[in-house]
Amino acid sequence: MGPAMTNRLGEMIDQGAGKQPADIVLKGGKLFDLTTGELREGDIAICGDRIVGTQETYQGVETIDISGRIVVPGFIDTHLHIESSLVTPHEFDRCVLPRGITTAICDPHEIANVIGATGIRYFLDCAEQTIMDIRVQLSSCVPATHLETAGARLDIEDLLPFRDHPQVIGLAEFMNFPGVLARDPACMAKLEAFQGGHIDGHAPLLRGLDLNGYLAAGIRTEHESTTADEALEKMSKGMHVLVREGSVSRDLDALIPIITERNSPFLALCTDDRNPLDIAEHGHLDYMIRHAIANGVEPLAIYRAASISAARAFGLKDRGLVAPGWRADLVVLDSLEDCNAQMVFSAGRRVTDELFASRGRTELVGTDSVRAPKVEAASFTVRKNRSQTPVIGIVPGKIITERRDLDLAIDNGEKQIDLGRDILKIAVIERHGKNGNIATGFVQGFGLKRGAIASTVGHDSHNICVVGASETDMAVAANRLSEIRGGFVVAEDGKVVAEIALPVAGLMSDQPYEYVRETLIPLRKAAKALGGTLDEPFLQLAFLPLPVIPHLKISDRGMIDVDAFEIIDP
């Protein structure tokens with residue numbers, strides 16, 4: 001709460017006690033009591049950014065009729081990369097706040113891997129202007145590993161200047177869990193600097209003694225549980241489990257059995273990576289709530305996870321309940337089951353187009369970040385003598401991949417694409433101007449019968465990643481990305497057939513989210529027209545260079561055995 005609100009403390013007390021009219025009174029609705037699960041009648045009084053009264057009758061300077069509707073606390077997305085929405089923080093604000101997401105705890109890990117501390121500063125500057133409350137976790141692993149080429153490096157000395165910023169919560173997802181267990185000096189320096197603060201985790205499939213060692217570092221939250229059994233072990237060992245439902249990583253259905261009233265104090269919700277098209281078609285956290293209730297989850301459990309449990313997990317002590325003294329982040333719903341926001345308040349301000357128009361602007365950064373070498377079809381030649389080949393196996397709806405050792409035909413010493421078995425070429429091209437590396441391998445599961453798709457969104461180092469049934473089209477798509485300063489491209493028969501430019505660090509558009517949403521529709525259609533079978537081919541592609549997610553990945557340095565944490569095919 002800022003100085004202006006502190007100066008109003010006396011007014012807040014008087015308004016709550018009914019001695020003077022409240023700034024705003026919501027009348028005629030019911031509030032969802034997350035302590036008991038009851039729907040309670042009575043007015044909701046707001047003074048400044050704070051709820052000052054509930055369940056009684058109030059007079060207000062402004063009165064808003066919400067008859068027949070239900071008020072719940074604003075929703076908190078506990079882990080996401082705003083960059084993966086493909087829009088700037090300002091446009092993300094416009095996109096999801098009207099759906100009731102009043103707090104977003106983001107890790108600017110993606111932009112930090114491209115332009116370093118400048119990217120973190122950009123997000124903090126945006127957070128001071130957005131209507132929703134954007135909180136920042138400081139990116140802990142830039143680069144994520146030594147197995148790839150990133151655009152920047154962040155050591156502890158780079159992070160410490162941000163530690164005391166009012167929008168900073170702590171240290172973001174600690175992805176290098178092998179480094180933690182090996183007591184890597186760089187990892188240890190970061191962990192030691194944030195002892196006593198919040199440290200977010202990232203440890204897919206980590207169990208048993210290794211999990212204990214990881215948690216002993218003071219790591220408290222994590223979003224990588226993909227089965228109920230894994231989530232329950234992590235929860236029983238003191239970890240707050242963040243249930244994730246992104247555009248690619250869809251774990252909600254698998255974790256629905258653990259979303260109970262008993263477990264809800266130890267659960268929260270997150271999206272991690274979700275694009276504007278998916279948000280428009282299905283929703284954001286509101287979708288997770290609807291879907292969970294439709295599949296048997298008690299409303300009390302899922303609404304707690306979406307608000308008060310999330311707030312407590314991250315030390316946000318001022319929000320998460322509809323009660324006097326709490327931050328006035330409120331969502332007025334048609335019903336608990338439908339979770340359609342009819343009205344949203346952010347720190348006591350009713351969310352309107354005019355409110356968004358009143359925000360300041362932040363100068364864009366990283367608009368010249370794509371410095372990749374020009375490539376040709378021959379750049380993707382794979383010369384090997386042995387037919388047996390490690391092939392990345394796509395698991396739809398998961399960022400975990402399989403290692404499939406398959407025999408591929410060899411022609412004139414070159415391994416061949418096998419469309420009959422849906423085995424395509426995949427390549428990663430270093431795009432930060434560091435070394436010009438190009439690594440090529442094979443992937444199974446995209447379904448392409450011709451053409452190629454390419455992207456500068458490639459977690460976590462965000463080099464160019466391209467997959468295709470034609471080396472010529474792979475080159476066309478990759479080279480076009482340099483021309484448009486980053487984005488997504490579809491190529492067929494030697495020409496570009498669809499694209500979207502993402503010139504802000506090669507990750508985000510400089511256009512309104514509506515434009516991005518509408519441009520993604522023909523892009524998706526163009527990818528499907530090549531024979532693509534994945535719902536989100538570009539976001540699935542974006543996770544294939546991520547060498548901290550099992551089991552087989554590819555970076556600009558070669559194929560990566562994630563389990564062994566080593567390059568197997570440089």
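In this predicted model, strand S23 (residues 423–429) and strand S24 (residues 438–444) pair in the antiparallel sense, with 7 bridges between them. Within this pairing, Val428 faces Ala439 of S24. S23 also runs antiparallel to strand S26 (residues 464–468), to which it is joined by 5 bridges, and here Ile429 is the residue opposite Ile464. Burial of S23 is just as easy to follow along the strand: 7 of its 7 residues are buried. Both faces are covered, with Ile423, Lys425, Ala427 and Ile429 buried on one side, and Leu424, Ile426 and Val428 buried on the other.

Helix H9 (residues 208–215) offers another view of burial, with Leu211, Tyr214 and Leu215 as its buried residues. These three lie on the same side of H9, because they cover an arc of only 95 degrees around the axis. An α-helix has 3.6 residues a turn, so residues three or four places apart point the same way. The cover over the buried residues of H9 includes two strands, S11 (168–174) and S12 (198–201), as well as helices H7 (177–181) and H10 (228–236).

A loop residue completes the picture. Asn275 sits between strand S15 (267–270) and helix H12 (276–281), and it is buried, with a relative accessible area of 4%. A polar atom of the Asn275 side chain lies 2.7 Å from the backbone nitrogen of Asp278. Beyond its neighbours within four places in sequence, Asn275 is in contact with Ser84, Ser85 and Leu86, with Ser247, and with Leu520, Glu536 and Leu539.

Methods
Residues numbered from 1 in each chain as written. Predicted model: local features only at pLDDT ≥ 70, side-chain atom pairs only at ≥ 80, totals over all residues. Heavy atoms only, no water. Buried < 20%, exposed > 50% of the residue type's maximum accessible area, 1.4 Å probe, protein only. Helix = DSSP H or I, 4+ residues; strand = E, 2+ residues; numbered from the N terminus. Arc of directions from axis to C-beta. Contact = heavy atoms within 4.5 Å. Polar contact = N/O pair within 3.5 Å; in protein donor to acceptor, adjacent residues only side chain to side chain. Pairing = 2+ DSSP bridges.
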